[in-house]
Amino acid sequence: MARAGGHGMGNPVNVGIAVQADWENREFISNISLNVRRLFDFLLRFEATTKSKLASLNEKLDILERKLEVLEVQVSSATTNPSVFN
Amino acid sequence: MAIPVEEAIAALSTFSLEDEQPDVQGLAVLLSSERYATNSPIEYSDVAAYRLSLGEDTKAINQLNTLIQEGKEMASLLYTYRSCVKALPQLPDSMKHSQADLYLETYQVLDLEMSRLREIQRWQASAASKLAADMQRFSRPERLVNGPTITHFWSMLKLLDVLVQLDHLKNAKASIPNDFSWYKRTFTQVSTQWQDTDTMREELDDLQIFLSTRWAILLNLHAEMFRTNTVEDILQVLIVFCVESLELDFALLFPERHTLLRVLPVLVVLATSSEKESESLYKRVKMNRLLNIFKRHYLILNHMGTIRAEHDDFSIRFASAMNQMIILKSSDGADNDWSRDIKGNMYDIVVEGFQLLSRWTGRIWEQCAWKFSRPCKEPPSDSQHGSTTFFDYEKVVRWNYTGEERRALLELIGYIKSIGLMMQRCDTLVSEALWETIHMEVQDFVQDKLDTMLRTTFRKKKDLSRILSDMRTLSADWMANTSKGDPEHNSLETEEMRQSTFYPRPVAPTAAQIHCLQFLICELVSGGNMRKPGGLFGNSGSGIPVEDLKQLETFFYKLSFFLHILDYTATIGTLTDLGFLWFREFYLESSRVIQFPIECSLPWMLVEHVTETQDAGLLESVLIPFDLYNDSAQHALTCLKQRFLYDEIEAEVDLSFDLLVEKLNEIIFTYYKSCAASTLLDSSFTYLCDDGEKYFVKPLRFDAIFKLRRVMVLGRTIDLRSLITQRMNKLFRENIDFLLERFESGDLCGVVELQQLLDILELTHQSISKFLELDSYSLMLSEMQENLSLVSYSSRISSQIWNEMQTDFLPNFILCNTTQRFVRSLKGTHHSSQRSSASTGKAYFYCGSHDLTMAYQGISGLYRDFFGIPHMFAVVKLLGSRSLPGIIRALLDHISSKITAMVPKITALQEALPKSIGLLSFDGGIAGCQKIVHEILTWEAKSEVKTEVLHDLKEIGSALYWMSLLDIVLRQIDTTQFMQSAPWLGLIPGNDGQVKHAYSDNTPFTTLLSAATNAVASSPACPNPSSFLVMAKQAEAASDLVEISTGLLYKSNLNSGSVLEYALAFTSAALDRHYSKWSATPKTGFIDITTSKDFYRVFSGLQYSYLEESINPSRKQEMLGDSVAWAGCTIMYLLGQQQHFELFDFSYQFLNVAEVENATVSLYQYSDRNKSPNFLQGYEGILEAMRKARRLNNHVFSMLRARCPLEDKIACAIKPSGAPLHRMKFTNTVSAFETLPQRAT
């Protein structure tokens, strides 16, 4: 049975050439978009790992800070009673 | 830029993005746009370029798609609708006059909501008419326009689905009619002042009918469709399409399958509205086929084995495919076939992954629906939940999942999330390969397969071959096929040349291309007539050979997969979205509550399941449920677009995360504590124990949890590790505080238990410190003991110990010299009854598990009723060298003050004695002696003073004995320490029991140090010997220092003074002050044997009367124990009255008399043994007591002579002239002891 619309492609060669050009253009676009995505992906991972590293740094600082606090208290207990050391 | 993009991007991979964090969470953030390849991003406007006369069809598709989009928004509006009426205020009576204002305000509020409902009503009417019109247009038998395409089918089905859902939602919302009736009431009130309200009223009535009619939307659709009776054809086509798609599992993604499942019954109902039509339908589709589609096993539990195997298998294969991709990427210029194989393999794996994910997520949906439709009959009658009423939601969720089912669900969610994460991770790595593979598949088909078909099967069929060449034209990429520059000449090429000639181009076909290809294939196989019996590819009427049909069919289905694979990220997002598990709007409405408690929430139930079962295999999945929250929050914001839902989710997440962290901490702490307690338990004991296994702890691993520095929850990044550390620090402090409080509320005997528990805690700290950076244990301990200050010598423990000693131990405990123990005297009831009963803390504050706690309580129970050497060890260990001197000092002060307090009482007793006391006469025998002693001791009037003195003596004795225990313990500790350090210092035992040096110049310790430095310096691997030489020299110098310091530290300990000796010297000095009162200097210059002024006389009397009373059964005399003798003897010894006492003591004399008498009696007995000896009758008791007392006194005196020799002093007590000097001035005075720290007051 004939296709209902019956129009078909007006000029298959023209369409073929356009399709061919389209494939090539899209290769360029895909390439760019893929690389943009890779860049983006990298940024995401970079952020994630950096956060981890910062967190571990923060942990170390935190410990130091608390140790320092204890030491400060101890020192202040000593300096407020100077008589003990004379 | 001079640098190519690829190179720049590749350079990024040189960054080290290593991360310790394990993947125990799914994708927490997804960035996906609304429009992706599956839904042509440019609305199929490029379809026109292919000149296939699909303009009408495309327009219709776009129109339907817009409607679907709108419909979804309507559905979310309806779904999230919550009743306003409940929030409407009532006016108090006093404000009735402003009722009209309230009506107006209410009307305005409700009007806004109702206008939305009106919008839905209007929209559904227009959507139904448009859908009906669309169906009619494309189902005309004469086919004026091309179409409908497959995409068009899908749009129709999806719109139908939206309408069905909307209708269901409308039916389910009971609050809408309710709100509406309020609205109508306020409208009648408000509208009285308005003019021309007829149209509004009409509209209102319309809306009322719409809202109150069940299935109003579908009824309307039905009416629209059958207005012109021509749609049943397309309905049948759609039904066949649905059935075939479901049977062949054509839909890659579960949402599509579910759409089909939802729509199919409605379609069948619509298509069978008359007898004739249903007959024609069932002719095409048998009833059984329809029924079979809906038969399934819905419980995940039944599929878990398969799922687990699938997961394991897939994840291994996916990882290996990934590795190959990475290898491929790193090897440039790889040969074509190999790279194509790897990429093809990758593509297959990705498709398989999508299928797996789709199947699994679909199962969760289905199980969820299954559970909703089958509420549990009877919620378990939990004793904790007294209330007998349950929400419906609890029946379908909370009590509807068994433990096993929860486990299975959690496991499956974990699989879905982890596979999703794994696939998403390599998004950019695989996309090129996927594009290339898809490109190749398409090109292979249109260039190769179609070519073959064109040359064989379709050569004669003009129409069909035109379709085939159209397919080639619109999708062939000839440039990619290097050997075929020109399509016109391709028929001349030979088979061999066509092989292996594709140049892979990493570009995928567009949505429009796929759309058109699918359309053309359909055209080809159906010949444009879809009403033919059989399925799409099932009919053989088209005259196409079976092999070609098969190829076309395969390619047709592949095409529909392509789009989903191209939408890699979006597809993963859809397939791993499990947010629906949280939503419960329907039940909120039916239960008339604002929100359910957290226990009813499925994600939290899963978290709870993990924390309660503490299944080692599930622990690492404990964060997976938070992905559900992430998903549901995402859904609330992007799909439902409702802020309030997000707020509710956020509130629940906040709560549940806090709870989780707390529970997690408890689990971790309990686990390590149990381990510590189990380690410290005597292993030989547990080995012998019948049920010793219960003291072993099942191993758990928390490594993964400890490494979580960034947990993604609702867009926030949470450092779980630091949270755990923080709370762990807090928990340790709480625990120390708890133990101290417990000790403070008990008596001194609890010190062993305290030490045990603190030891366990310390070991716990050690093992947790391997993973977490906790505060140091000693600092925490001193912080909780409140002796962080450098100048404070007291602590909570030391002040508690002293407090206990002063108020309880010294007055109420009595000494048993033989067992070296103090026990509580009968009368000395403990004041514990007034104390706050020890708060029963949580199990993890003791030993973790219940069994271990019981075991330790059993052990410490042995030490609870006395105070002895073990307790002293505990005291020394707990107080340490820092707080111990404080206690000693306090105790010495106590002795000194007791002595001072005793002075006037002793004087009073002395005054009651006769001026001179002679020796007891042997004449009267025992009875006579007793009589004389009674005459001498006329203290009846002063019995109170006597008792007080005895008590004072008892306290002094106890304190002294305590010191001697302390001395023993310190000696033992020192010796142990010395034994351990001696080999390092090169000390060996000499012949005469003296310590001597084994090596003349160096100790083994320094030798070891220098050997180590030499070895390092001389090693060839040593990179920089000169710096090591410097280090070696430094080490030598340091070791010299070490030698000196160790010598000082450890050797000196050996000769350090004894605490007991110190205490005795101190007591002696304290006594010196009262010397004149207790020791009468004889006027004659010689020893006065009759004086009653000396202390020993008083003590002698006290001892005698005490002994007498102690054997008297009629008078229940308070037992004072052996410490009285200790105090008395010590004082006498230090006053230099030991010999006096031994000569003149009443009891001793009494014993002498008894001995003599006994000897006489036994002589007498010897001659007449038949007569029973009754001379001593009545005196055995007292004599025995006296002997005992003498033995004890002798023991004390001998100890004193050993520890505090007075010989030299006695020797000095003879003047050079030969005249005795009765008392030398001692060099030690109280002021000599000022070096001991003063007790903080």
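**Exercise 1. Describe the backbone of residues 47-81 of chain A in this predicted model.**

Over residues 47-81 of chain A the chain is 94% helix and 0% strand, where helices (H or I, at least four residues) and strands (E, at least two) are DSSP runs numbered from the N terminus. The end C-alpha atoms of this stretch are 50 Å apart. UniProt places the feature "coiled-coil region" at these residues, although such annotations may be inferred rather than shown by experiment. Residues are numbered from 1 along each chain as its sequence is written, while chains are lettered from A and ligands numbered from 1 in the order in which they are written. Because the model is predicted, local features need pLDDT of at least 70 and side-chain atom pairs count only at pLDDT 80 or more, whereas totals for chains, interfaces and linings use all residues.

**Exercise 2. Work out which parts of chain B supply the side that touches chain A.**

Begin with the totals: 51 residues of chain B are in contact with 45 residues of chain A, two residues being in contact if their C-beta atoms, placed from the backbone, lie within 7 Å. Next, assign elements: helix 1 (5-12), helix 16 (427-455) and helix 17 (462-475) of chain B each supply at least two residues of this side, and helix 17 of chain B gives the most, with 6 residues. Finally, sort by class: the side of chain B that touches chain A has 19 nonpolar, 13 polar and 19 charged residues, with Ala, Val, Leu, Ile, Met, Phe, Trp, Tyr, Cys and Pro counted as nonpolar, Asp, Glu, Lys and Arg as charged, and the others, Gly among them, as polar.

**Exercise 3. Decide whether helix 38 and helix 41 of chain B are roughly parallel or roughly perpendicular.**

Helix 38 (residues 1059-1072) and helix 41 (residues 1123-1134) of chain B pack at an angle of about 70 degrees, with their axes 10 Å apart; axes are lines fitted to C-alpha atoms, for helices over the stretch in contact, and angles run from 0 to 180 degrees between N-to-C directions. The two helices are therefore roughly perpendicular to each other, since angles under 35 degrees count as roughly parallel, over 145 as roughly antiparallel, 65 to 115 as roughly perpendicular and the rest as oblique. In this contact L1064(B), T1067(B), S1068(B) and L1071(B) of helix 38 meet T1130(B), I1131(B) and L1134(B) of helix 41, and these residues divide into 4 nonpolar, 3 polar and no charged.
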